[in-house]
Amino acid sequence: MAIEGSKSAASHRIRLGMVGGGRDAFIGGVHRIASRIDDRYELVAGAFSSTPEKSLAPAADLGVAADRAYGDYVEMAKREARLKNGIEAVAIVTPNHMHYPVAREFLKRGIHVICDKPLTSTLADARKLAKAAAASGALFVLTHNYTGYPMIRQARDMVASGELGKIRLVQVEYAQDWLSENLEDTGQKQAGWRTDPARSGLGGSTGDIGTHAFNLASFVSGLQLEELCADLDAFVEGRRVDDNGHVLMRFTGGAKGMLWCSQVAPGNENALKLRIYGEKGGLEWAQEDPNYLWYTPLGQPKRLLTRNGAGATASGQRISRIPGGHPEGYLEGFANIYTEAAEAISALRTGQPIPPEVTFPGISEGLAGVAFVTGCVESSRRGAAWVKFSNYLRP
């Protein structure tokens, strides 16, 4: 993987398009930065807004030619598929309800998709998108960026190699405070769509950050969820989606888990934390201090493992850019997903197999995330009843 120095980037960058991500769009800017950190992509086209006129301004800001600034994603998909130097991949950074229709148009034309999470706003759309991705043959990448943190890759290695023994407990939480008041009624754009079930989907905090927490717990532990029991609340008066959720989880093999997601917890900015405990030891990681991983072998003192430090695993080292002691975090984690995707796309360009070390969330993780949200909402509506997770994964 060409993290250091981006050895193959300048010779043949991947031609990237973007749908969404116009002026003042936070996540669009994050995706653009992530795509360029390792110099593997060139943004050449976009439907940045809902009309050609509105799309022209951000296109000019970004150096995208006016004739490749679209006001309609369908027109963009059709024209770019016909162009000799049309886009090879598209980044989808729209509100959740648009993920499915946009991705479908590009997938059916063989254009690779890099999509923000969650996969879709409804389970029905998630199932249809999974079928569309399978039929397309194009790559589908979901940007659960926390799986791109080096110490998360190290934690995953340690669990998989048996250093913790059989896993017993998985504790994950993602707490924020930015929606503690009725921000959506002030005209704040992010709060507006994230609390609107027509655009965000059934889940509020469960869809926005709970999916990240669930994905991270699954990625590191390697466990399959069997059943869940959820108690969701909308504490802010008038809010139409949950802003806090407590979820109990039962995994295949007997492990138990707890997940807490909240956007009404004052004092928490982006407090994603993961703890995993097995028969022989435990691991603790916090996103706000991402270069450190605490490891406690049973009966021994707690040990601090550091990014690119002594004891670093190969999978963590290959996605680190700089020596230990220099912080890497959110943007670099996002960039790692983009660069993993670039490695896969580059292999497919030449008819080569995707290197086995390349790792990124895809359509199956996306479907699992939407199934998780749907299961949580149904469980909570039924008085926190236990529901079978597999029921939501069926075609």
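Contact here means heavy atoms within 4.5 Å. The exercises below use this cut-off on a predicted model.

**Exercise 1. Overall build**

Task: State how many helices and strands the protein has, and judge its compactness from the radius of gyration.

Solution.
- Start with the elements. The protein has twelve helices and 14 strands.
- Take the radius of gyration next. It is 21 Å for the protein, close to the 21 Å that the globule rule gives for 395 residues, so the protein is as compact as a globular protein of that length.
- Add the dimensions. Along the principal axes, the C-alpha atoms fill a box of roughly 65 × 50 × 40 Å.
- Turn to burial. Of the 395 residues, 57% count as buried.
- Then the surface. The protein exposes about 16,400 Å², and carbon and sulfur atoms supply 52% of that area.
- Finish with the contacts. Among those with a separation of 6 or more, 69% are between residues 24 or more positions apart.

**Exercise 2. Helix 4 against helix 5**

Task: Classify the packing of helix 4 and helix 5, and list the residues that meet.

Solution.
- Locate the helices. Helix 4 spans residues 99-107 and helix 5 spans residues 123-136.
- Read the geometry. Their axes come within 10 Å and cross at roughly 10°.
- Apply the cut-off. Angles under 35 degrees count as roughly parallel, so helix 4 is roughly parallel to helix 5.
- List the partners. Helix 4 brings Y100, A103, R104 and L107. Helix 5 answers with D125, K128, L129, A132, A133 and S136.
- Sort the residues of this contact. Six are nonpolar, one is polar and three are charged.

**Exercise 3. Helix 5 against helix 12**

Task: Repeat the analysis for helix 5 and helix 12.

Solution.
- Locate the partner. Helix 12 covers residues 363-381.
- Read the geometry. The two helices pack at an angle of about 170°, with their axes 9 Å apart.
- Apply the cut-off. Angles over 145 degrees count as roughly antiparallel, so helix 5 is roughly antiparallel to helix 12.
- List the partners. From helix 5 come L123, A126, R127, L129, A130 and A133. From helix 12 come I363, L367, V370, A371 and T374.
- Sort them. The contact of helix 5 with helix 12 divides into nine nonpolar residues, one polar and one charged.

**Exercise 4. Two sites and their surroundings**

Task: Decide whether L228 is buried or exposed, do the same for E328, and name the contacts of each beyond four places in sequence.

Solution.
- Place L228. This residue is in strand 7, residues 225-233.
- Check its accessibility. The relative accessible area of L228 is 0%, so L228 is buried.
- List its contacts. Leaving aside neighbours within four places, L228 touches V247, L248, F372, G375, C376, S379, A385, W386, V387 and F389.
- Add a distance. The C-alpha atoms of L228 and R250 are separated by 6.3 Å, and the two residues are 22 apart along the chain.
- Place E328. This residue is in the loop between helix 10 and helix 11 (330-349).
- Check its accessibility. At a relative accessible area of 5%, E328 is buried.
- List its contacts. With neighbours within four places set aside, E328 touches P150, P290, N291, R307, I319, S320, R321 and I322.

**Exercise 5. An exposed glycine**

Task: Find where G311 lies and how far its C-alpha atom is from that of Q154.

Solution.
- Place G311. The residue sits in the loop between strand 13 (303-306) and helix 10 (314-317).
- Check its accessibility. G311 has a relative accessible area of 57%, so G311 is exposed.
- Read the distance. The C-alpha atoms of G311 and Q154 are separated by 9.5 Å, although the residues are 157 apart along the chain.

**Exercise 6. Backbone exceptions**

Task: Identify the cis peptide bond, then place D24 and A384, two residues with positive phi.

Solution.
- Recall the background. Most residues other than glycine have a negative phi, and most peptide bonds are trans.
- Find the cis bond. It joins K117 and P118, with omega about -10°. P118 lies in the loop between strand 4 (112-115) and helix 5.
- Take D24. Its phi is near 70°. D24 is in the loop between strand 1 (14-20) and helix 1 (26-37). At 76% relative accessibility, D24 counts as exposed.
- Take A384. Its phi is about 65°. A384 is in the loop between helix 12 and strand 14 (387-388). At 26% relative accessibility, A384 counts as partly exposed.

Technical notes
Residues numbered from 1 in each chain as written. Predicted model: local features only at pLDDT ≥ 70, side-chain atom pairs only at ≥ 80, totals over all residues. Heavy atoms only, no water. Axes fitted to C-alpha atoms, helices over the stretch in contact; angles between N-to-C directions. Helix = DSSP H or I, 4+ residues; strand = E, 2+ residues; numbered from the N terminus. Parallel < 35°, antiparallel > 145°, perpendicular 65-115°, else oblique. Nonpolar A, V, L, I, M, F, W, Y, C, P; charged D, E, K, R; others polar. Rg over C-alpha atoms; globule rule 2.2 N^0.38 Å. Buried < 20%, exposed > 50% of the residue type's maximum accessible area, 1.4 Å probe, protein only. Areas by Shrake-Rupley, 256 points an atom, 1.4 Å probe, with all protein chains shown as cover.
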